[in-house]
Amino acid sequence: MSLAIRDVVLPLAPFTLEVSLELHARSTALYGASGAGKTSLLEVIAGLRRPVAGRVELNGRVVSDETVFVPPRERHVGYVPQDDALFPHLSVRQNIFYGAKTKAHHGIIDILEVGPLLDRGVKRLSGGERKRVALARAVLSEPEILLLDEPLTGVDLALRDRVLEYLARIRDELAIPMIYVTHQMDEVRVMCEEVVVMERGKVVETIHSEHA
Amino acid sequence: MLRWICFALALAPLASAREVRVFAAASLSDALRELAPAYETRTGVRVVFTFGGSSTLARQIEAGAPADLFLSADEEKMNALASRGRIVEETRTSVLSNTLVVVGKDLRVARSVALADPASVPAGIYARKWIESIGQWNAIAPKVIPTENVRGALAAVKSGNVDSAVVYASDVRNEPIAYRVPREEGPPISYPFAVVRGAENEVGARRLLGYLTSREAMRVFAEYGFHGPYRAHGAYRAYRSDRGVLGITLRAAGAATLLILPPGMLVAWLLARFAWRGKSLVETLVALPIVMPPVATGLILLELFGRRGAIGKWLPFDVVFTWRAVVLAMVVMSFPLFVRAARVAFEEVDPRFEQIARTLGARDARVFFTITLPLAARGIVSGMLLAFARAIGEFGATILVAGNIPGRTTTLSLAIYDHVQLGRDAEAFRLVGIAVVIAFAAVWTAEAFLRRSHEPRHP
């Protein structure tokens, strides 16, 4: 995976997001306090926001610059927002297969253990279940990169290790690289090879973790 | 209001509207000759009568004679035409009845009795039925001199050529009456009226029919010796009945709601989701019918959709004064309500669901139909119900652009107005009751839909 962000500028409410960044690792953490611009950066990568300047390259393809803007549906990114944004009017099955290219993805369903949930409505899921469904939905669309916004938010403390385990299996068994937004250093240590530290819209430090 | 209707008529002239051709039973001639001038001066429409025996007239109509309206003196002749599809069934109405009288000498002493032909002409058939019922037919039959119609029988007595005649009470002016047949004793005499199918001036015929069944006309008929109807007016039902009116209203309001749906959703969605040049202008235009005087809106529609109107001249069919105009007025008046409700519904859909759907590879159309629309559905249904309710209540624009043609463009609101105008308070209040029930049900259901959509999404 390669993601290159060059001189991207996006004005936000209290500050301006100004980022240049090059990522090659299988898993990268965007680490920083709440309101540092992490989610906005994910949205720029996913194509949900268009920066006013700069360029974004995904696996060598320019997806955003002054003239080019590839819409989100053609970027092949799997985006799991902080609150999962499961479609409330659809069943778990319909959610999971919404972006699926084929119906035969039982591997992922097994890895994430969402099989037993398929026929439920999404309103009757626990926090951990919701997260797994959201992950399955994103992964089934066969993304080139997964964007995870605070994936442990809303998950019971007791279940956090399980979710981290699922994420590790996605990263390792399915070989989908991921960018992982968090403000918890302990998650970073477990999950990520690379840590990008953000503060008020700017990258202040890039650390290569020993762990991998 | 009548002035408004005349104004409307003048603005969108119908080529054949200047003349209505009426085939009427001879017994109605005096009363109709008094009624017609009043109608003509009021509407500018000429009423051309052909009077005769109902059986002759029915035969002529069947053969394709150019009649717009048929006023028959008995139900059977009308039945015959109806069974051949020659009348507009829903306009058939029986509001008049008559009684028989014997003029000249007492039947028992008369040496000759003139009857309208008892084999075919209603007056004669009725007379024979009565004479049979009192057991005198065998005695009188040899003395019968048949005439082409009832006026002929009366003339025969007046001229002294026959001793007596059995005629309608309404025929008699100054002739000596030997016997008045009591209503209970005689056969039920009923005058069915109906618009002729394929009439050149069907609209004119319907309007005239509306006038002939009005209270004003009934007073004139009564002066000429006619009575109210025998039966609880068989077809009066379809003509001015609640069911007929309700059918027209519900069908038109349903059609209007469905027509509003696609463009209404598009406009609501564009207003809810995007900022674009001219947006506030469109917002204002869409809301305009809410605050404009409905009569003004109606006048604009009349201008646009009249036969020579900017839009009307390009259409292959007539709009003004047809059911299409009813639907048109409803569409225009209900559109703003629907757009407002649908816009709010779209605005309440969290755009992040749409964004996520796009990252999952969905095209815009799929996002709209699988995410946006289902999530906004309750608000949209609620908007449809409100639009439907508003359509049912539409009055001001409708009366101008659709007129108030009984059995065709008379909607619930127009019928209430009609009833009040003609002093039929009971009928008016019955329709008001129906209107209240429909409005209540629509608004209550609409609110129920909105309440459920505001339930928290997460347990």
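1. Between chain A and chain B, five residue pairs are in polar contact, with both members of each pair at pLDDT 80 or more. On the side of chain A that touches chain B, the elements giving two or more residues are strand 6 (77-80) and helix 4 (127-140) of chain A. Helix 4 of chain A gives the most to that side, with three residues. Sorted by class, the side of chain A that touches chain B comprises twelve nonpolar, three polar and five charged residues. The reader should bear in mind that this is a predicted model.

2. The extent of the interface may be stated next. Contact joins 20 residues of chain A to 20 residues of chain B. Together the two chains bury about 1900 Å² between them, and 63% of that area lies on carbon and sulfur atoms. Within chain A, the residues that lose the most area to chain B are Arg73(A), His89(A) and Tyr98(A), which together account for 36% of what that side buries.

3. How many salt bridges are counted between chain A and chain B? The count is one. The side chains that meet in a salt bridge are those of Arg352(B) and Asp83(A), at 2.5 Å from N to O.

4. Chain A also contains two alanines whose backbone deserves attention. Ala85(A) has a phi near 50°, a positive value in a residue other than glycine. Ala85(A) is placed in the loop between strand 6 and helix 2 (92-96) of chain A. With a relative accessible area of 4%, Ala85(A) counts as buried because this value is under 20%.

5. The second alanine is Ala175(A), which has a positive phi of about 55° although it is not a glycine. The loop that holds Ala175(A) runs between helix 5 (157-173) and strand 8 (178-182) of chain A. Is Ala175(A) buried or exposed? Its relative accessible area is 58%, and Ala175(A) is therefore exposed, the cut-off being over 50%. The two alanines may thus be set side by side: Ala85(A) is buried, whereas Ala175(A) is exposed.

6. Turning to chain B, the fold has 19 helices and ten strands. Of the 459 residues in chain B, 52% are buried. Among contacts in chain B with a separation of 6 or more, 79% are between residues 24 or more positions apart. The accessible surface of chain B comes to about 20500 Å², and carbon and sulfur atoms hold 60% of it.

7. Which residues of helix 8 (residues 202-212) of chain B are buried? This helix is mostly covered, with eleven of its eleven residues buried. The buried residues include the charged side chains Glu202(B), Arg206(B) and Arg207(B). The others are Val203(B), Gly204(B), Ala205(B), Leu208(B), Leu209(B), Gly210(B), Tyr211(B) and Leu212(B).

8. A loop residue of chain B also merits a comment. Ile87(B) is found in the loop between helix 4 (75-83) and strand 4 (93-97) of chain B. Ile87(B) is buried, with a relative accessible area of 2%. Beyond its neighbours within four places in sequence, Ile87(B) is in contact with Met78(B), Leu81(B), Ala82(B), Arg92(B), Ala194(B), Val195(B), Val196(B) and Arg197(B). From Ile87(B) to Phe70(B) the C-alpha to C-alpha distance is 8.5 Å, and the two are 17 residues apart in sequence.

Definitions and conventions. Residues are numbered from 1 along each chain as its sequence is written. Chains are lettered from A and ligands numbered from 1 in the order in which they are written. This is a predicted model: local features need pLDDT of at least 70, side-chain atom pairs count only at pLDDT 80 or more; totals for chains, interfaces and linings use all residues. Side-chain values use heavy atoms; hydrogens and water are left out. Contact means heavy atoms within 4.5 Å. Buried area is the accessible area (1.4 Å probe) that two parts lose on being put together, summed over both. A salt bridge is a side-chain nitrogen of Lys or Arg within 4 Å of a carboxyl oxygen of Asp or Glu. A polar contact is a pair of N or O atoms within 3.5 Å; within protein, one must be able to donate a hydrogen and the other to accept it, and residues adjacent in sequence count only if both atoms are side-chain atoms. Helices (H or I, at least four residues) and strands (E, at least two) are DSSP runs, numbered from the N terminus. Buried means under 20% relative accessible area, exposed over 50%, partly exposed in between (1.4 Å probe, protein chains only). Accessible areas come from the Shrake-Rupley method with a 1.4 Å probe; for residues, only the protein chains shown count as cover.
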